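The following exercises concern the structure shown below. Each consists of a task and a solution that proceeds step by step.

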Amino acid sequence: MSAALQTLPAVDTPATAVRGAVARDVPAPLVRHLGLTDYEPTWRAMQRFTEERGADTADEIWFLEHRAVFTLGVAASRAHLLAPGDIPVVQIDRGGQVTYHGPGQLVIYPLVDLKRAALGIRDFVSALERSVIALAARYHISAECRRGAPGVYVEGRKLASVGVRVRRMGSYHGLALNVAMDLEPFARINPCGYPGLAMTQLRDLGGPATLGECQEALEPLLLRALGFSAAP
């Protein structure tokens, strides 16, 4: 396990496994399944990983869910935080405004060397969005992305949020996909800075109702979207 992960809360973490072969001359990504974690230690671990990684460090993709938290992007306006109540608020270093994370939401953090992967930031964000759109299509859900408003939408409702940070050409933060969660806390904010933006989730749309099923289906789609070849 990388040093960056050693200070994460104790969780039932399966042994790291390489789940893909890479189409380019790039080390295969390590896929880690971290379970339910507190937000801030996971964020700090992403920062450390990005700061300490070298030219030969393999990319990692972390799948997890967070305990309830509101996060504010680096330039976010607190005016979009309407009534947080007893849910903690953390100011962080990704782009974007305010969002909510909680149990039942699948969070994916791709820690990728974008230069080595030959991905621009816009291409990287687009790849995250495309993977969710492809997942939704498997369940006959028509999803789309929007120019100027990162994320994935179904009939005007937001299904997945995207917020990233790039430092030394290494990406961190990533994608939050609503699977089977309590959507009420989104009513306490202007999600992503948009007053009145409605949220949705896969369970309510006829998609997977568990994070395990969603993760298993999404993982190969995400690897392909990022330019890796999924394992057969």
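**Exercise 1. Helix H2**

Task: Determine which residues of H2 are buried, which elements these residues pack against, and what the span of the helix should be.

Solution.

Step 1. The model is a predicted one. In it, the buried residues of H2 are Phe124, Val125, Ala127, Leu128, Glu129, Ser131, Val132, Leu135 and Ala136.

Step 2. As general background, an α-helix has 3.6 residues a turn, so residues three or four places apart point the same way.

Step 3. The partners of the buried residues of H2 are strand E8 (105-111), strand E9 (144-146), strand E10 (149-154), strand E11 (157-167), E12 and H3.

Step 4. Helix H2 covers residues 121-138, which is 18 residues; at 1.5 Å a residue they should span 26 Å, and the end C-alpha atoms are indeed 26 Å apart, which agrees.

Step 5. After H2 comes His140, with a positive phi near 60°.

**Exercise 2. The aromatic cluster**

Task: State how many aromatic pairs a search of the whole structure finds, and describe the cluster formed by Phe70, Tyr100 and Phe186.

Solution.

Step 1. The search of the whole structure yields 3 aromatic pairs. One of them joins Phe70 and Tyr100, with 5.5 Å centre to centre and 55° between the planes. An angle over 60 degrees would count as edge-to-face and one under 30 degrees as stacked; the Phe70 and Tyr100 pair is tilted.

Step 2. This pair links distant parts of the chain: Phe70 belongs to strand E5 (residues 69-72) and Tyr100 to strand E7 (residues 98-101), 30 residues apart. Both Phe70 and Tyr100 are buried.

Step 3. Tyr100 also pairs with Phe186 in an edge-to-face arrangement, at 5.4 Å centre to centre and 85° between the planes. Since Tyr100 lies in strand E7 and Phe186 in the loop between strand E12 (170-178) and helix H3 (211-225), the pair ties together parts that are 86 residues apart in sequence. Phe186, like Tyr100, is buried.

Step 4. Phe70, Tyr100 and Phe186 thus belong to one aromatic cluster.

Step 5. The strands that carry two of these rings can now be considered. E5 and E7 pair in the antiparallel sense over 4 bridges, and Leu72 stands opposite Val98 in E7. From E7, Val98 and Tyr100 point one way, Thr99 and His101 point the other way, and all are buried.

**Exercise 3. The nonpolar cores**

Task: Identify the residues with the most contacts inside the largest nonpolar core, and state which element gives the most to this core.

Solution.

Step 1. The largest nonpolar core has 39 residues, and Leu177 and Leu226 have the most contacts inside it.

Step 2. At least two residues of this core come from each of strand E4 (60-66), E8, H2, E10, E11, E12 and H3. The greatest contribution is that of H3, with 8 residues.

Step 3. Beyond its neighbours within four places in sequence, Leu177 is in contact with Gln105, Leu106, Val132, Leu135, Leu159, Ala160, Leu202, Cys214 and Leu218. Apart from this core lies another, of 16 residues, among them Leu34, Trp43, Leu64 and Val107.

Step 4. Across the protein chain, buried residues make up 53% of the 232 residues.

**Exercise 4. Individual residues**

Task: Is Gln215 buried or exposed, and is Ala118 buried or exposed? Locate the charged ends that sit over the rings of Trp43 and Tyr153.

Solution.

Step 1. Gln215 is situated in helix H3. Its relative accessible area of 15% falls under the 20% limit, so Gln215 is buried. Leaving aside neighbours within four places in sequence, Gln215 is in contact with His33, Phe63 and Leu106.

Step 2. Ala118 occupies the loop between E8 and H2. With 62% relative accessibility, which is over 50%, Ala118 counts as exposed. Ala118 has a positive phi of about 55° although it is not a glycine.

Step 3. Met169, in the loop between E11 and E12, likewise has a positive phi, near 65°. At 37% relative accessibility, Met169 counts as partly exposed.

Step 4. Over the ring of Trp43 sits the charged end of Arg44, 3.9 Å from the ring centre. Over the face of Tyr153 lies Arg146, at 4.1 Å from the ring centre.

Definitions and conventions. Residues are numbered from 1 along each chain as its sequence is written. This is a predicted model: local features need pLDDT of at least 70, side-chain atom pairs count only at pLDDT 80 or more; totals for chains, interfaces and linings use all residues. Side-chain values use heavy atoms; hydrogens and water are left out. Rings of Phe, Tyr and Trp (its six-membered ring) pair if their centres lie within 6.5 Å; planes under 30 degrees apart count as stacked, over 60 as edge-to-face and the rest as tilted. Buried means under 20% relative accessible area, exposed over 50%, partly exposed in between (1.4 Å probe, protein chains only). A charge sits over a ring if NZ of Lys or CZ of Arg is within 6 Å of the ring centre and within 35 degrees of the ring normal. The expected span of a helix is 1.5 Å times one less than its number of residues. Contact means heavy atoms within 4.5 Å. Two strands pair if DSSP finds at least two bridges between them. A nonpolar core is a set of buried Ala, Val, Leu, Ile, Met, Phe, Trp, Tyr and Cys residues joined through side-chain atoms within 4.5 Å.
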